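Hello,

Here is the structure I promised to hand over. Please open it and keep it beside you while you read my notes.

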Amino acid sequence: MTVKVEVIEGGVPHNQILATGLIASLICLYLSYLNVITGTMWFSFFGGLAVVAALYWGSHTIKVLCSYGIGTGVPSAGMISFGSGVIAMLLATKYNIAAPIVALVLAAVIGLILGYLANEVLNMKIPAMLQALTELAIVGAFTLMGFAVLITGSFTFTALTTGTVTILGLSLPSYQASFIGGCLIAVAFLLGAIAIQHPFNACLGPGWTQDRMLMLTAECGFLSMIMAAVMSFALIPFGPALISLLIAIIGWAYTYSKYFELSKRDAAAWLDAKPIPDVEVQ
Amino acid sequence: MSAVAAKPAAGGAMNPAAMGVGIVLLILIIGVCYYISPGLGLMSLIGIIIGGILIGFGVHFVPVGGAPAAMGQAPGIATGVAMLAAGGGLAGLFGGAWAADQGLVVAVVTGGVGGGLMMAITCMMVNFIYVFGMGIPAASGKVKNDPITGDSQAEFKSQGTEGHGLPFVSFVGGVIGGLLAGAGGTLIYLMLLDLYKATLPTLMQATEVQILPIAVSAAGIFAVGMFLVNAVLTAYNITGTIEGPHDPKFKRWPRSIVASAVASALCGLVAILIVV
């Protein structure tokens, strides 16, 4: 039942992608803290870059996990990733500057326990399960935190729950015009959950190549970032939101054209599998 | 060997040691919750665990066919557990959330009815497409006779398939699954909503009316998150596909109950920690 159907041939090893994604995502989340230091919102776009970095790592984790025939479909891995990630991320936001680190630790603990439940209690016995569910929970938490930063400019609980509405030039605090109060988190949840599972779901098969899948991940990440940047116009000033949107569109256009090239490159290759033997040759 | 005598697939065995560890973990988490919030928090956690168990148990009833069902080679609804549970269960959760003001019992029942209705419509349309679109009859491959109607199945089953379409017992299973999962999702949502409504005003120094959007939104997203965690763990338990309550894989439910209880307790504890 737990037969590994595909192996990673060549390409970048998984641990390297793990380290790159984790560090890049953490650094981007912390760079967004420049918002607080400078008292502006100009650095919100770093949240979007953190999303892309985390998804880049997460989609490769899904590839490692789903290479074992788990039988439940690739989307389920994306769903459990964000289901466990959102819980860790929301508690972590209470710890102000330490939020990304707390999210990392908390998501790792939740993912580890879920991995144990899946592997031992549910008897899945898949070697990669424990590590993969741990990684996926962290990816889910980081992606949601990245979206939160992109949309609101901050990752603290107060900033995510409190917004302001302007009525006749008068600025009033409002809990409804916020990331959590306005339930923008639900949109972020599904934007991320689809972006993380789609690349492997679309690229799997005998023609799978690592660089093509990862380019598609980056493309999906930037596409989600465009949506989130559009939503951010509601909560952060016009200038910073426009910068986020421009970066997202440029990133998307670049990765999309690259993905198109890679698809054409791979489509030209032909696998001589010969499912039906030639019997007519005399 | 007839289909009835077939042994459950590998992976159906229990792992008593791991189940024990799971139960110890569950007691430990409840203990931690009792230590930090003996009153409201503990009651919410217990509600959340019951909700999680309902979801985990309910998903076993839903006839999940997966990719083979889409090709008419296995019975069930032609998609994965995550999608089906999200469709049926979240429909119930939204239904229950509308009735949240009318008390726990009414809201949970509404959630259950919402989920069951969603699954009933899904199952009926699936059979419409199978019968009139793909031209295949409903036949189970796991049992000789339908356990409810007693209709024999073998004559209608195509050779080389595990059955196809959606037999009556699978249809009933789908509705029961939707009822349980919808009620479970609603119960988790209500527990968290009550907890947040009671604690957030003091935490954020605002009135209950002001924090209501945050309480609703946070409880909602947590309920969705826990729902998906429980549904996917159950999907792992049945390794992707199941025909309904008559399937031999259904006997694996005790494992899923333990896993769902621990997972819900863990996620619930984290959700409670936000406000205490």
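**A buried glycine**

Leaving aside residues up to four places away in sequence, B:G173 touches B:F61, B:V62 and B:P245. Bear in mind that this is a predicted model. B:G173 sits in helix 6 of chain B, which covers residues 168-204. Its relative accessible area is 0%, so B:G173 is buried. B:S260 lies 87 residues from B:G173 in sequence. In space, the two are 20 Å apart, C-alpha to C-alpha.

**Two helices across the chains**

Two packed helices are described by the angle between their axes and the distance between the axes. Take helix 5 of chain A (residues 99-121) and helix 1 of chain B (residues 16-36). Their axes come within 9 Å and cross at roughly 150°. Angles over 145 degrees count as roughly antiparallel, so that is how helix 5 of chain A and helix 1 of chain B run relative to each other. Their crossing is left-handed.

Which residues meet there? Helix 5 of chain A brings A:I113, A:Y116, A:E120 and A:V121; helix 1 of chain B brings B:A18, B:M19, B:V21 and B:L25. Seven residues of this contact are nonpolar, one is charged and none is polar.

**Cysteines**

How many disulfides are there over all chains? A search of the whole structure finds zero. A:C28 is in no disulfide, and its nearest cysteine sulfur, in A:C220, is 19 Å away. A:C28 is buried, with a relative accessible area of 12%. The sulfur of A:C203 also has A:C220 as its closest cysteine partner, at 8.8 Å, which is too far for a bond. A:C203 counts as buried, at 3% relative accessibility.

Best wishes

Technical notes. Residues numbered from 1 in each chain as written. Chains lettered and ligands numbered in written order. Predicted model: local features only at pLDDT ≥ 70, side-chain atom pairs only at ≥ 80, totals over all residues. Heavy atoms only, no water. Axes fitted to C-alpha atoms, helices over the stretch in contact; angles between N-to-C directions. Helix = DSSP H or I, 4+ residues; strand = E, 2+ residues; numbered from the N terminus. Parallel < 35°, antiparallel > 145°, perpendicular 65-115°, else oblique. Left-handed = near helix turned anticlockwise from the far one by under 90°. Contact = heavy atoms within 4.5 Å. Nonpolar A, V, L, I, M, F, W, Y, C, P; charged D, E, K, R; others polar. Buried < 20%, exposed > 50% of the residue type's maximum accessible area, 1.4 Å probe, protein only. Disulfide = S-S within 2.5 Å.
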